[in-house]
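Q: I am new to reading protein models, and I would like a close look at one part of this one. Could you take me slowly through the interior and what surrounds it?

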Amino acid sequence: MSVFVHAAFLRAAGRGSDLPQAGPPEIAFAGRSNVGKSSAINALAGRKALARTSKTPGRTQTINFYALADTARLVDLPGYGYARVPQALRRQWRELVGAYLHSARTLVGIVLLMDARHPLTPLDEQLIEWLGDARLLVLLTKADKLSRAAQQRVLTQVSERLRRHRVTLFSSVTRLGLEESRDLLAEWLRAGRENKNPR
């Protein structure tokens with residue numbers, strides 16, 4: 001049975017002081033506003049409304065934690081890059097996410113989501129550089145909106161740019177890439193619990 005079926009909302013953190021204490025292994029989800037982070041979390045958990053989705057970019061402004069029973073956590077970071085978000089909120093995003101990444105001693109990997117139609121934006125590149133040596137799974141979301149030929153072109157493009165990381169086409173609508181992603185993340189979490197280095 002998949003560990004993700006036990007997912008339940010744990011808490012939201014709007015400030016560094018709201019972050020929960022270190023616990024089981026965690027996987028964080030990052031990406032531009034409206035790229036499909038909440039939809040991906042729902043798809044991985046096999047749920048329709050575990051994480052709230054919205055058509056309004058920039059809606060999520062807290063870090064949302066989801067417990068996978070007592071064995072792991074999923075962490076939904078607020079989306080970045082929405083132009084209409086005030087500068088103060090952008091600064092708050094950097095401070096909040098920075099506080100989380102600095103304190104996340106049990107973080108075993110980060111899922112970086114990019115819209116398959118517009119991957120590797122300057123802000124995506126900045127985040128990749130900011131994350132440094134973090135282990136990444138890159139999901140090219142909304143891949144169902146591309147033809148198969150276009151899917152393969154973007155997969156090749158991003159894979160060649162990010163050779164160190166796993167890159168996968170993903171669609172929460174058609175379930176493209178879902179099982180592959182779920183299996184890899186479950187492996188990361190299992191290795192984290194065993195204090196090993198997952199591949």
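A: What follows starts with one enclosed helix, moves on to the nonpolar cores, and ends with the charged pairs.

Please keep in mind that this is a predicted model. A good starting point is helix α1, which covers residues 37–45 and is largely enclosed by the rest of the structure, because eight of its nine residues are buried. The buried residues of α1 are Lys37, Ser38, Ala40, Ile41, Asn42, Ala43, Leu44 and Ala45. The cover over these buried residues includes the strands β1 (7–13), β2, β4 (72–76) and β5, together with helix α5 (178–193). Just after α1 comes glycine 46, whose phi is positive, at about 65°.

One of the strands named in that cover, β5, contains leucine 113. Leucine 113 counts as buried because its relative accessible area is 0%, where the limit is under 20%. Apart from neighbours within four places in sequence, the residues in contact with leucine 113 include Lys37 and Ala40, both of which are among the buried residues of α1. Leucine 113 also touches Phe29, Ala30, Gly31, Arg32, Val35 and Gly36, as well as Leu139 and Thr141. Between leucine 113 and leucine 136, which stand 23 residues apart along the chain, the C-alpha atoms are separated by 9.9 Å.

The nonpolar cores come next. In soluble globular proteins, nonpolar side chains tend to be buried together. The largest nonpolar core here has 32 residues, and those with the most contacts inside it are Ile63, Tyr100, Leu112, Val138 and Leu140. Two or more residues of this core come from each of β2 (26–31), β3 (63–68), α2 (87–103), β5 (107–115), α3, β6 (136–141), α4 and β7 (166–169). Helix α2 gives the largest share, with four residues. Isoleucine 63, once its neighbours within four places in sequence are set aside, is in contact with residues that include Leu19, Val75, Leu77, Leu96, Val97 and Tyr100. A second, separate core has 29 residues, and Leu113, Leu137, Leu139 and Leu178 are among them.

Now for the charged side chains. Side chains of opposite charge can pair when their charged atoms come close. The structure holds six salt bridges. In one of them, aspartate 115 pairs with arginine 117, with 2.7 Å between the closest N and O atoms. Aspartate 115 is buried, at a relative accessible area of 12%, whereas arginine 117 is partly exposed, at 36%.

Another salt bridge joins glutamate 125 to arginine 161, and here the closest N and O atoms are 2.5 Å apart. Glutamate 125 belongs to helix α3 (residues 122–131) and arginine 161 to helix α4 (residues 148–161), so this pair ties together parts that are 36 residues apart in sequence. Both ends are partly exposed, glutamate 125 at 24% relative accessibility and arginine 161 with a relative accessible area of 40%. Arg175, Glu179 and Arg182 are joined into one network by salt bridges that share partners.

A further salt bridge links the side chains of aspartate 18 and arginine 15, at 3.6 Å from N to O. In this pair aspartate 18 is partly exposed, at 21% relative accessibility, while arginine 15 is exposed, with a relative accessible area of 56%.

Technical notes: Residues numbered from 1 in each chain as written. Predicted model: local features only at pLDDT ≥ 70, side-chain atom pairs only at ≥ 80, totals over all residues. Heavy atoms only, no water. Salt bridge = Lys/Arg side-chain N within 4 Å of Asp/Glu carboxyl O. Buried < 20%, exposed > 50% of the residue type's maximum accessible area, 1.4 Å probe, protein only. Core = buried A, V, L, I, M, F, W, Y, C linked by side-chain atoms within 4.5 Å. Contact = heavy atoms within 4.5 Å.
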